[in-house]
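Dear colleague,

Please find the structure below, handed over for your use. A summary of what was found in it follows.

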Amino acid sequence: MRWFLRCSAALVLTVALVGVFCSGSAHAQQANRMVQGRISDMTGRPLSGAIVYLKDVRTLDVKSYITEKDGEYRFEQLSSNDDYKLWAEMDEKKSQVRTISSFDPKNSFLINLHIHTEK
């Protein structure tokens, strides 16, 4: 009987530990991500008033950010389970579209975009 009680206690402890590790890894996969960077013209001059778009590929939700004089933008609390498309526009000109993949293990991204502003 003692042997049975020890084995039962060991089994309960093992199941509890597996549950803790599994929930911990699931939480790590849900970690929020962040993307930031600078929008500039082709010479590297920061662009004030550029609109930066971030599109969730799964939900099709689009967030936007209008740059100030330093040309910088920042999006936070992004899901690590979703893919995103990122681009900037100004005066009917558009930057290259960049992708943030859910398969990329990073939680922080620095993506600088350039807009060809010459007419």
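**Overall architecture**

From the N terminus on, the protein chain runs α-β-β-β-β-β-β-β-β-β, that is, one helix and nine strands. Helices (H or I, at least four residues) and strands (E, at least two) are DSSP runs, numbered from the N terminus.

Please note that this is a predicted model, in which local features need pLDDT of at least 70 and side-chain atom pairs count only at pLDDT 80 or more, while totals for chains, interfaces and linings use all residues. Residues are numbered from 1 along each chain as its sequence is written, and side-chain values use heavy atoms, with hydrogens and water left out.

Of the 119 residues, 25% count as buried; buried means under 20% relative accessible area, exposed over 50%, and partly exposed in between (1.4 Å probe, protein chains only). Among contacts (heavy atoms within 4.5 Å) with a separation of 6 or more, 57% involve residues 24 or more positions apart.

**The nonpolar core**

The largest nonpolar core has 18 residues. Such a core is a set of buried Ala, Val, Leu, Ile, Met, Phe, Trp, Tyr and Cys residues joined through side-chain atoms within 4.5 Å. The residues with the most contacts inside it are Val35, Ile39, Tyr73, Phe75, Leu86 and Ile111. Strands S1 (33–41), S2 (51–56), S4 (72–78), S5 (84–90) and S9 (113–115) each supply at least two residues of this core, and S5 gives the most, with four residues.

Leaving aside neighbours within four places in sequence, Phe75 is in contact with nine residues' worth of surroundings that include Arg33, Val35, Val52, Leu54 and Leu86.

**Aromatic rings**

The structure holds three aromatic pairs. Rings of Phe, Tyr and Trp (its six-membered ring) pair if their centres lie within 6.5 Å; planes under 30 degrees apart count as stacked, over 60 as edge-to-face and the rest as tilted.

Tyr65 and Phe75 form an edge-to-face pair, 6.2 Å centre to centre with 70 degrees between the planes. Tyr65 lies in strand S3 (residues 62–66) and Phe75 in strand S4, ten residues apart. Tyr65 is partly exposed because its relative accessibility is 30%, whereas Phe75, at 5%, counts as buried. The rings of Tyr73 and Phe75 have their centres 5.9 Å apart and their planes at 50 degrees, so this pair is tilted. Ring pairs thus link Tyr65, Tyr73 and Phe75 into a cluster.

Yours sincerely
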